[in-house]
Amino acid sequence: MNSPTMPARNNEGFVVNANEWTPAAASIIAADDGIKLNEKHWEIIEFLRLFYKTHEVSPPSNRLFVKSVKEALGDTRGNSIYLMTLFPGTPAKTACRIAGLPRPTNCL
């Protein structure tokens with residue numbers, strides 16, 4: 001489904017062009033995963049968008065995702081359980097998909 005609020009996505013639901021992502025698209029993608037975004041989600045999404053802008057890559061694995069969040073936002077947010085409650089399944093993969101970023105390279 002492509003529309004002004006929904007950029008083109010690949011067969012796994014990842015936005016094809018990260019520059020076409022919008023917050024409205026994030027809400028739609030999250031809803032597809034049964035997630036209603038709140039300020040805690042947005043904090044992580046904004047962190048991921050900045051990470052991608054700085055490094056030109058998504059965090060390559062869940063482990064690096066957790067470590068990067070911990071370094072940037074502290075122990076409370078940078079732990080697997082917290083991130084899994086926000087982004088069920090594989091947090092790095094789910095969060096990157098919602099944030100309009102490429103699929104992390106080492107996530108199943």
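Among contacts in the protein between residues at least 6 apart in sequence, what percentage join residues at least 24 apart? In this predicted model, the share of such contacts that join residues at least 24 apart is 53%.

The protein contains five helices and zero strands, and a reader who follows the sequence from its start meets the pattern α-α-α-α-α. The radius of gyration is 13 Å, close to the 13 Å that the globule rule gives for 108 residues, so the protein is as compact as a globular protein of that length. Taken along the principal axes, the box that the C-alpha atoms fill is roughly 40 × 25 × 25 Å.

The table gathers some values for the whole protein.

| Property | Value |
|---|---|
| Buried residues | 41% of the 108 residues |
| Exposed area | about 6,100 Å² |
| Part of that area supplied by carbon and sulfur atoms | 53% |
| Positive side chains | 12 |
| Negative side chains | 10 |
| Distance between the centres of the two charge sets | 4 Å |

One residue can be followed in detail. Arg97 lies in helix H5, which covers residues 91-98. Is Arg97 buried or exposed? Arg97 has a relative accessible area of 13%, and because buried means under 20% relative accessible area, Arg97 is counted as buried. When its neighbours within four places in sequence are left aside, Arg97 is in contact with Glu12, Gly13, Phe14, Ile29 and Asp33.

Terms used:
Residues numbered from 1 in each chain as written. Predicted model: local features only at pLDDT ≥ 70, side-chain atom pairs only at ≥ 80, totals over all residues. Heavy atoms only, no water. Helix = DSSP H or I, 4+ residues; strand = E, 2+ residues; numbered from the N terminus. Rg over C-alpha atoms; globule rule 2.2 N^0.38 Å. Buried < 20%, exposed > 50% of the residue type's maximum accessible area, 1.4 Å probe, protein only. Contact = heavy atoms within 4.5 Å. Areas by Shrake-Rupley, 256 points an atom, 1.4 Å probe, with all protein chains shown as cover. Lys, Arg positive; Asp, Glu negative; His and termini not counted. Charge placed at Lys NZ, Arg CZ, Asp CG, Glu CD.
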